[in-house]
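Got your viewer open? Load the model below, switch to cartoon view, and let's walk through it one selection at a time.

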Amino acid sequence: MSTTLYDKIWNDHLVDQQDDGTALLFVDRHLVHEVTSPQAFEGLRNSNRKVRHPNLTLAVADHNVPTTDRTKGIADQESKIQVDTLEANCKEFGVQLFGMDDKRQGIVHIIGPEQGFTQPGTVIVCGDSHTATHGAFGSLAFGIGTSEVEHVLATQTLVQKKAKNFRINVNGQLPLGVTSKDVILQIIGKIGTAGGTGSVIEYAGDLIRSLSVEQRMTICNMTIEGGARAGLIAPDEKIFNYLKGKPMSPKGDNWEKALNYWNSLKTDDDASFDQELNLNAGEILPMITWGTSPQDVITIDEKVPNPQSESDEDKKNSIERALKYMGLKPDMAAKDIKIDKVFIGSCTNGRIEDLREAAKILKDKKISSHVSAMVVPGSGLVKEQAEQEGLDQIFVNSGFEWREPGCSMCLAMNADKLKPEERCASTSNRNFEGRQGRGGRTHLVSPGMAAAAAISGNLDDVRKYQN
Amino acid sequence: MQKFNKLKSIPAYLPIVNIDTDMIIPKQFLKTIKRTGLGKNLFFEMRYDDQGKEVNDFTLNQSPFNNSKILIAGKNFGCGSSREHAPWALLDFGITCVISSSYADIFYSNCFKNGILPIILEEEKLKNYQSMLIEKKKYL
């Protein structure tokens, strides 16, 4: 029978399946961070269990870490306790941890690929919804709750029900200035935040194949914002080249064996999907979000919606609520939205290519005098690479702050947050109410668009600054 | 985990769609290393004003809804972050059943790990319940 990429990975990891569809899956890789793991380790301790496969588990503190001078430690006591707890748990249970002063430290979804911990055909889980990022490597990767984190730590397996197969085909070429961030925002705008619920989305088509590994990660990362737990892209030469020689990638004979298997990981030509969507890349424009849900997208040339022109009562109410929270007027032009802050970073757009894209726009320019802006590299290695390329100098010269790696203002668990009613052009993934700080207003954009907004002082078209 | 076969409670109604887990329990409360004590911060941003005082017209601050064990809400409840702190906060507040027309996958499975029953009701039926609740609220 013809199968999809998702079916293949699922079948290869099936330990057991009940008649009602409940299945037990083997988990190849488990990423752990400080926020969703303390109660799971406590559960192990209370039931006198060990971590079943410490060598398949990798931990890092990313959500609570300061992005300013770290030599003084963490000022916030609660954040400090959580980071210290992770450290103590990793020591007690024999789990490898990248500590705060390790240059490999960074956002959990950025360090996995960097180390070659993320590999095609594997099942990867983490107590974090953006685990979907790793699907860019052709791995089945999804976020789980803390009870499930405990289950995986104890057994290296997870109880699951099979999801539906949903394929999104993107063909054609992206216009100048349009990036994979715009592609995924466009997709979420089309399918809605619940459009992928109950499904695993495979991204296919010649545009997807033409994207770099890091651009693919941006797309898979925000799959969860479309409701699907996992996004997948069939692995190819770009993925294999990226992984070759990484510290945790297979070596020698194992590399050849791995390649053999990885090359088999693709959807059969005649496999059928429960749902399909086709998009023309040529029609995608630079996007922004105007509201408080990632599905609230418009292009930079458009206007903010007017609730009066919406007939559906639920939608009308939710537009009204979002406009009120965001402090926007119906029908105002996207480019008239003035901003106070710019945040470049996160597991969505905190990799080296993202920083290059923003730096290209900012080179020899200054940010607007009323804007404060910061770059938070996704990991210590991204930071190091950027500094070698001189990107840090471009950012600093333009008026950006150059910070230490972590999740930072994507969710504002550390000291980096918006004040009430402050408005931010952000390369992160969620524009929920209060996400970047109580009362804070978030507009999701690509790194280039964030740079353009910083220069103009309002949301603006990145193409204006492109040579 | 507490088992229940029957649940009797006046339901609270939040007429908002896409209630995300950041809304259910904001990130500043994820710094705990425990599962308990999150109830007082459930729906924190909507429930308290900038001075930390209860917002009077927020349903869960009003009697008898401050004792509701059932929460009725708009579609796609629990979207966003995987934080199990969301069902922990609901449970700690006393809510053991949520009724909506759809749920985000991770939240849905997190509910069952904590003895919360997420009931899926057709959009139309949900609307009927909602108008009934608004009607009844006048007499409570």
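Start by selecting residues 164-171 of chain A, which make up strand S9(A), together with its neighbour S12(A): the two pair in the parallel sense over 6 bridges. Keep in mind as you click around that this is a predicted model. For one rung of that ladder, show Val170(A) and look across to S12(A), where its bridge partner is Leu279(A).

Now widen the selection to the whole sheet. You should have 4 strands of chain A in the order S11-S10-S9-S12, forming an open sheet with parallel pairing. Look at the two ends: S11(A) and S12(A), the latter covering 275-280, are the edge strands, and each has a single partner strand, so one side of each has no neighbour in the sheet. Turn the view to look along the sheet, and you'll find a twist that averages 20 degrees from one strand to the next.

Next, add residues 5-13 of chain A. This is helix H1(A), lying across S9, S10 and S11 of chain A and running at about 125 degrees to S10(A).

Then pick residues 213-221 of chain A, helix H8(A). How many of its 9 residues are buried? The count is 7, so to speak a mostly covered helix. Among the buried ones are Arg216(A), Met217(A) and Cys220(A). To see what they pack against, colour strands S10 (199-204) and S11 (230-232) of chain A, then add helices H4 (108-115), H6 (180-191), H12 (346-349) and H13 (352-362) of chain A.

On to another sheet. Select strands S17, S16, S15, S18 and S19 of chain A, in that order across an open sheet of 5 strands with parallel pairing. Here S17(A) (400-402) and S19(A) (441-444) sit at the edges with a single partner strand each, so one side of each is left without a neighbour in the sheet. On average, neighbouring strands are turned by 20 degrees against each other, direction ignored. Zoom in on S15(A) (341-344) and S16(A) (372-375), which pair in the parallel sense over 4 bridges. Show Val342(A), and opposite to it in S16(A) is Ala373(A).

Last stop: turn on chain B. Here 36 residues of chain A are in contact with 29 residues of chain B. On the chain A side, helices H2 (38-46), H3 (77-93), H5 (146-155) and H11 (313-326) each supply at least two residues. The largest share, 5 residues, comes from H3(A). Colour that side by residue type and you get 9 nonpolar, 19 polar and 8 charged.

Notes. Residues numbered from 1 in each chain as written. Chains lettered and ligands numbered in written order. Predicted model: local features only at pLDDT ≥ 70, side-chain atom pairs only at ≥ 80, totals over all residues. Buried ≥ 20, exposed ≤ 12 C-beta atoms within 10 Å, placed from the backbone. Contact = placed C-beta atoms within 7 Å. Nonpolar A, V, L, I, M, F, W, Y, C, P; charged D, E, K, R; others polar. Pairing = 2+ DSSP bridges. Axes fitted to C-alpha atoms, helices over the stretch in contact; angles between N-to-C directions.
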